[in-house]
Amino acid sequence: MAKREAPEINAGSMADIAFLLLIFFLVTTTMDKDLAYLRTIPKKVEDQKPQDPVQKKNIYKININSKQVIQARDSLIRPENIESLNSRIKHFYLINRDKKEDRALNYPYYAFGTKAAFQQKLDIAYNGLDAYESKDVLTERDEKIIEQFNNEIQEWNKKIEMIELYTKFSGKKEMPEIALQAHIRLESFIKTDYSAYVAVQSEVEKAVTELRDEESEALFNITYTAMKKYYQQNKLENTPKVREYRKYMDLIELLYPLRLIEVKPNR
Amino acid sequence: MSKFRKNDDKKAPGINTSSLPDIVFMLLFFFMVATTTKEIDPLVKVDPAQGVGLNDLTPFKQRSEVDFLYLGEPLSGDASKFDQGIAVQYDGIIHKDGIEHIGKWKNDKFSSKPEEFTAPREEVITCFKADEKVPMGIIFQARDILQEENFNSIGYYAREKGNKNGYNIRQQ
């Protein structure tokens with residue numbers, strides 16, 4: 001039998017098929033990413049204990065009324081000048097930083113923790129725990145106190161780890177920490193527009209992120225934003241890099257905490 | 001002179017199109033990688049607010065750790081039927097209870113997550129895709145319900161503003 005050559009396949013319509021697929025994907029998909037400000041709602045509490053009043057200097061109050069006029073502390077900000085919030089918030093964080101005296105009275109003070117001081121606090125907590133655990137009979141109240149001590153020990157251990165990290169990268173023995181109560185308080189009206197509320201959130205986020213980026217760049221040579229992006233993408237993997245970034249981020253968040261209280265409007 | 005004589009018999013040579021499919025496939029793959037599928041057709045009008053320094057939700061979406069709800073004026077029908085003229089859309093339907101339905105919706109969503117899903121309740125983000133004119137009262141109503149149900153993470157949806165433009169805030 002004579003050898004027959006296989007007939008060639010006509011590939012002329014391949015382009016048409018590919019075009020068809022391309023157009024299908026162009027129509028059914030979108031380019032834009034979903035972007036948002038992530039916030040947490042405080043956990044619900046069963047019994048409301050009366051709390052100590054927060055000192056006025058530790059509050060940065062921002063109020064947005066139903067006409068989108070913003071009041072930040074004592075100054076009114078028109079919607080077109082909203083960008084000035086950025087420098088105001090930075091001022092709130094930075095004015096008393098690294099100052100032990102001559103502090104601005106109306107702004108949060110800083111504490112300067114040292115490793116020795118944290119160690120001392122840790123020892124006190126351990127001693128307190130020992131005293132309770134050596135008891136023969138434990139009442140319900142005792143158990144609560146023991147749990148409290150355990151939380152405290154965890155907290156101080158964490159603090160010691162953080163200050164070691166800080167000393168290692170900055171060479172300083174003292175870590176500046178803003179007053180624990182210092183926070184930004186965001187109040188709105190029921191009729192306040194979502195856009196105005198988000199604009200204020202944006203300015204707050206921007207101010208704090210810039211502060212964090214600067215600090216992070218100085219300490220670790222990488223911005224906080226870059227670390228956070230990497231962490232969010234890979235947080236389920238337990239690699240050394242992810243753990244390292246988590247630790248770095250914890251330190252930066254301790255140095256520049258974003259404590260934002262969003263108050264429910266009632267008018 | 002015969003060198004420059006026109007040769008009328010010759011046809012223009014055909015262009016070789018055999019690499020055209022390759023080029024189109026390349027484009028196709030680019031679009032398949034660079035884009036994401038549309039989730040649902042919106043039933044409410046959402047003009048997002050603008051901001052800077054926004055968080056990209058893509059990694060959370062890939063792990064299905066985020067649920068979106070849409071708030072805005074309904075595209076069809078009478079807006080005045082809804083509380084403050086704002087309809088709330090959950091996964092393709094506008095619910096008649098408006099924002100009050102959010103607790104049930106979140107619980108249903110959470111129990112229908114795949115088995116390998118590990119994130120705890122508190123870390124599943126509820127993202128408000130709200131129109132820029134939505135009053136904050138509605139969102140705080142939702143926050144209260146979410147707090148009651150222990151869904152503690154929320155997201156305020158917005159679009160990247162760009163450095164040159166200002167915020168688009170309605171002045172009154």
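In this predicted model, 29% of the 172 residues of chain B count as buried. The fold of this chain makes a good starting point. Chain B holds four helices and 10 strands, and, read from the N terminus, these elements follow the order α-β-β-β-β-α-β-β-β-α-β-α-β-β. For its 172 residues the globule rule gives 16 Å, yet the radius of gyration of chain B is 26 Å, well over that value, so the chain is more spread out than a compact globule. Along the principal axes, the C-alpha atoms of chain B fill a box of roughly 95 × 50 × 35 Å. As for the contacts within chain B, among those with a separation of 6 or more, 76% come from residues 24 or more positions apart.

Attention can now turn to where the two chains meet. The contact draws 49 residues from chain A and 57 residues from chain B. On the chain B side, several elements supply at least two residues each, including the helices α1 (20–34), α2 (58–62) and α4 (136–148). Strands take part as well: β1 (36–37), β4 (55–56), β8 (125–130), β9 (153–157) and β10 (159–160) of chain B each supply at least two residues to the side that touches chain A. Of the elements of chain B, α1(B) gives the most to this side, with nine residues. Sorted by class, the side of chain B that touches chain A has 28 nonpolar residues, alongside 18 polar and 11 charged ones.

Strand pairing also links the two chains. Strand β2 of chain A, residues 35–40, pairs with β4(B) in the antiparallel sense, over two bridges. One of the residues involved is L35(A), whose bridge partner in β4(B) is D56(B). The strand β4(B) thus appears twice in this account: it pairs with β2 of chain A, and it is listed among the elements that supply at least two residues to the side of chain B touching chain A.

Within chain A, strand β8 (residues 183–188) has pairings with two other strands, β3 and β9. With strand β3 (residues 59–64), β8(A) pairs in the parallel sense over six bridges, and here the bridge partner of I64(A) is S188(A). With strand β9 (residues 260–263), β8(A) also runs parallel, joined by four bridges. In this second pairing, I184(A) of β8(A) has L260(A) in β9(A) as its bridge partner.

Conventions:
Residues are numbered from 1 along each chain as its sequence is written. Chains are lettered from A and ligands numbered from 1 in the order in which they are written. This is a predicted model: local features need pLDDT of at least 70, side-chain atom pairs count only at pLDDT 80 or more; totals for chains, interfaces and linings use all residues. Two residues are in contact if their C-beta atoms, placed from the backbone, lie within 7 Å. Ala, Val, Leu, Ile, Met, Phe, Trp, Tyr, Cys and Pro count as nonpolar, Asp, Glu, Lys and Arg as charged, and the others, Gly among them, as polar. Two strands pair if DSSP finds at least two bridges between them. The radius of gyration is taken over C-alpha atoms; the globule rule is 2.2 Å times the number of residues to the power 0.38. A residue is buried if 20 or more other C-beta atoms lie within 10 Å of its own, exposed if 12 or fewer, and partly exposed in between; C-beta atoms are placed from the backbone.
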